[in-house]
Amino acid sequence: MRGVMREERGARVLLLPGATLDGSEDADLARALIAGDPLAPRALWRRFAPMVFRMLRRALGPGHDVEDLAQEVFLCVFEKVRNLREPKALKAFVISITVLTTRGELRRLWVRRWIRPSGKSDATNKAVVHLDTDAREALSRFYVVLDRINAQDRTLFVLRFMEGLSLLEVGAASGLSLATTKRRLSRVWAKVILLVERDPLLGDYLTTNPRNRDSEQ
Amino acid sequence: MTMNRDKPDDIPRAEQAVAALVALAREAFSGEQPGGSEAAGLVAFESAVARRTLRRRAGALPWLVGMGAVATVMVLSVLTFHDRPRPITFSVVNGTVSNGGYVRANVSGGTALHFSDGSSLALDPGAGARVGDFDTHGGRVLLESGGARIHVNPRPRANWTVDAGPYSVHVIGTEFDIRWATSDEVLDLHLLKGAIVVRGPLARDGISMEAGAHLFANVRKGEIRLDGQPSTSMVGESAMDPGAGATAAREAPPTANLNPGTNASVAGAGGDGSGAEVAVAGAAGVAGSSVGAGAHATRPSSAATTPRRRLMALASSRGATQDTAWGTRLGHGDFQGVLSDAERRGLDNVFATASATDLTVLADAARFARRGEVARAALLAERSRFPGSLQGREAAFFLGGLSEDESGEAALEAALDWYECYLRESPHGGFVRPVLGRKMVLVQKLRGSAAARPIAAEYLQRFSDGPYAASARKLLEVH
């Protein structure tokens, strides 16, 4: 066992160094998870929770509680990490599970909206607090636009344009070839532009907001 | 804006519009959201990881119950294998249990689970545990929060596992006290009988423990300590007393179990009090290494001296009557909240009308918040309004501690008076051991070693393995 055993005033004292996986490489963390190291789940969460939460929030938009989904993602990673062939690819593995979870949730939301159309107004009620009113409204409208895109294309869009992943990473996370990824991204980008142009509220926001006017010049 | 684009080039203005919206979304969801959901999620995730096997078992149950065909098979199985060993069953006393095997202890205490193999689990008030995975040889207990005393009946091939946070204790036949503080990520384990193996963070390969060993692990600090100090504070208690943890916390020297941040002054026995470590020095200054070596080794971070542990124990054991709100707030460390509430009602009014338990909680909150005058008034009100009650008698002990906070010989004399008062009123009370120890220290200070020796002898006679035993022996050896 690691650590130092020493006698101190007649007592057996075992002092162990503050061993932690927090600073370890992804591959080490993956191996620790596979080996069942009890410290590993915590390290996994600490390392990837910010990314997973951010991805879920960006993919689903305002008004969605992502805590349960994040739990789903991490439990899935924990359960399936034994199937990971290349421990170095832990981050990509987490991203791909996040993508799958997001896609499933988007499909569930789509079905819910289809069954109960009034449900989509939730997004505007819980908008992000630190944006001004116009920006909140624009953001909500933007996610209404994204709601009209299928789950797979939407996750591609989020990974590429919001998360800034490379084409290769997007393809790997989505299980698509590079060519297919490019083709799909091009298609979804064009569709988003079309939908944004057709949305009168978004058009109004983008032309009246000074910041946006500046960015267009 | 810099972003990767894979899009047609014939609509630049619209592109910029979408780019602006994407930037807005990135900005809106860039960091952790208010509420700390990410941090809170870690606790839930770890619990889920520990629970997953139990959940799997529990999840299958409704299907079994719902399928008539399977029920028929079960009946046939019972008839066919009537004499085969059966999986362990359990009964819950004074607590609630859900379908998933989650047991919540009553705040009033006395919650226990009795297993059909003779094993038992006594939960501290307010503690929560999940039980499941039963087979003919044992089962699994997940202590979600709080403390518990676990007794596993030694039998051939007995196989029990106790999970506490990320730690797992493999048990064959033994008895131990275990406490897991979810918020502090602290495990405190006293092994009373038998042997166990503990696995978890910093103990991947497992730590073997024998009777009398004490393991303290602070996951957050990456610290784990094992000492051989017999868990004297636990051994003397009733095996199934659910309040044992609280009692044990109280039985530590008063210098160590009082105010967080003010125990320096409480440790005035040493003369230069500066925290829990000084409490040891204070006693040791009298007669060398007074506190057991193990206790000394673990003292800087020992749960026995951790104010939070004591607070949680107090909250669960003391705040379990009328004003549970105060008790709960005390347990969460909201001392100022309790005090503010009392002040809003009017302190004099509270002293005159509050229940004994409320006065106790208020006195504790005031002591922890360094409001000695309020604590003293509350304790005096306890004594005057509830003479002869447990709270009234225990107030003498705490008044003694408050007097020790003050400087000067008169204050020490007052403390001594209170301790003697306690011993007179409660010769077999829960605080006799620390009171006798403190009395010995104070008498030696005020009247010399010769006067303290009879007390040292009495202490050794009654508590030969108590925290002041080493001081007492030293005192007698010098003689």
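Two rings of Phe, Tyr or Trp count as a pair if their centres lie within 6.5 Å. Keep that in mind for this one, which is a predicted model. With that cut-off, the structure holds 21 aromatic pairs over all chains.

Take one of them. B:Phe397 and B:Phe398 have ring centres 5.0 Å apart. Their planes sit at 65°, so this pair is edge-to-face. Both B:Phe397 and B:Phe398 are buried.

Next, a cluster. Which residues form one aromatic cluster with B:Phe45? From chain A, they are A:Trp45, A:Phe53, A:Phe74 and A:Phe78.

Now the cysteines. How many disulfides does a search of the whole structure find? Zero, over all chains. Two cysteines to look at while we are here. A:Cys76 is partly exposed, because its relative accessible area is 21% and buried means under 20%. B:Cys421 comes in at 9%, so B:Cys421 is buried.

Last stop, strand 12 of chain B, residues 195-200. In a regular strand, side chains alternate between the two faces of the sheet. Strand 12 of chain B shows alternation too. B:Ile196, B:Val198 and B:Gly200 point to one face, and they are buried. B:Ala195, B:Val197 and B:Arg199 point to the other face, and they are not buried.

What does strand 12 of chain B pair with? Strand 9 of chain B, residues 167-171. The two run antiparallel, joined by four bridges. Look at B:Ser168: its bridge partner in strand 12 of chain B is B:Arg199. And B:Arg199, remember, is on the face that is not buried.

Notes. Residues numbered from 1 in each chain as written. Chains lettered and ligands numbered in written order. Predicted model: local features only at pLDDT ≥ 70, side-chain atom pairs only at ≥ 80, totals over all residues. Heavy atoms only, no water. Disulfide = S-S within 2.5 Å. Buried < 20%, exposed > 50% of the residue type's maximum accessible area, 1.4 Å probe, protein only. Phe/Tyr/Trp six-rings, centres within 6.5 Å; stacked < 30°, edge-to-face > 60°. Pairing = 2+ DSSP bridges.
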